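Me: I would like to learn how to read salt bridges in a protein model, step by step. Could you take me through one example?

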Amino acid sequence: MVYPSGTGVTPVDCMPENVKTVFLEAQSIGGISPRASAAMLRVALERLVNDVGGKGSNLAGKIASLHLSPRLQKLCDICRAAGNEAVHHESFDFSASNEEARAMVEALSEFINRLADEFCGLEKAADELQRKINAARTK
C-alpha cells in the first residue's frame with residue numbers, strides 16, 4: 001500500500017522562519033514516518049516557545065515560564081507529550097499504516113499553527129492596529 005508522503009498542512013504566515021523550516025520538514029514526512037514527524041513538530045514547538053521568551057532547562061519548564069492561559073498551556077502540553085511519546089515510548093503505534101498516527105500528526109500540525117498564530121500573529125495584528133491608530137491621530 002502507498003501512503004501520501006506529506007500532511008498538506010501549511011504553516012501560518014506569521015510563523016517564525018526557524019520554526020517554519022522544521023514545521024515544513026515535519027509536513028513532508030508525515031505520511032511516511034508519523035513518528036519522525038511528531039518528533040519534529042515537538043522541535044518546532046520548542047523553537048516557537050524559545051522565540052517567545054520561554055526559559056528553563058527543558059521544554060516543560062520553558063512552557064511553564066510563559067505563564068500561558070489554561071487553553072494555550074493545554075495545547076503546548078499536548079504537542080510536547082505527543083513528541084515525547086514519539087521519541088521515548090512504544091505505547092502508541094506510529095507506523096505509517098496506522099491512520100490514527102497520521103491523523104495525530106495532522107492535529108499536532110494544526111496545534112502548532114494555532115500556537116504560532118496566538119504567539120506571533122496576534123502581536124503582529126496588534127502592532128498593525130496600533131500603527132493605524134497612530135496614523136489616524138496625525139491626520
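Reply: What follows is a short conversation about the fold of this chain and its charged pairs. Please keep in mind that this is a predicted model.

Me: Before the pairs, how many helices and strands does the protein chain have?

Reply: The secondary structure comes to 5 helices and 0 strands, and read along the sequence the pattern is α-α-α-α-α. The C-alpha atoms fill a box of roughly 65 × 35 × 25 Å along the principal axes, and of the 139 residues in the chain, 40% count as buried.

Me: What is the idea behind a salt bridge, and how many does a search of the whole structure find?

Reply: Side chains of opposite charge can pair when their charged atoms come close. In this structure, a search of the whole model finds 6 salt bridges.

Me: Where do E17 and K20 lie, and is each of them buried or exposed?

Reply: Both E17 and K20 belong to helix α1 (residues 17-29), where they are 3 residues apart, about one turn of the helix. Their side chains meet in a salt bridge with an N to O distance of 3.5 Å. E17 counts as exposed because its relative accessibility is 55%, and the cut-off for exposed is over 50%. K20 counts as buried because its relative accessibility is 16%, and buried means under 20%.

Me: Which residue does E46 pair with in helix α2?

Reply: E46 forms a salt bridge with R42, and the closest N and O atoms are 3.1 Å apart. The two residues lie in helix α2 (residues 34-51), 4 residues apart, about one turn of the helix, and both E46 and R42 are buried. A pair can also belong to a network of salt bridges, and here R42, E46 and K62 are linked in one.

Me: What does the salt bridge between E118 and R71 link?

Reply: The closest N and O atoms of E118 and R71 are 3.5 Å apart, and this pair links distant parts of the chain, with E118 in helix α5 (residues 99-137) and R71 in helix α4 (residues 70-88), 47 residues apart. E118 counts as partly exposed because its relative accessibility is 28%, whereas R71, with a relative accessible area of 53%, is exposed.

Me: How far apart are the mean positions of the positive and negative charges in the whole chain?

Reply: For the 16 positive and 18 negative charges of the protein chain, the mean positions are 8 Å apart.

How values were computed: Residues numbered from 1 in each chain as written. Predicted model: local features only at pLDDT ≥ 70, side-chain atom pairs only at ≥ 80, totals over all residues. Heavy atoms only, no water. Salt bridge = Lys/Arg side-chain N within 4 Å of Asp/Glu carboxyl O. Buried < 20%, exposed > 50% of the residue type's maximum accessible area, 1.4 Å probe, protein only. Lys, Arg positive; Asp, Glu negative; His and termini not counted. Charge placed at Lys NZ, Arg CZ, Asp CG, Glu CD.
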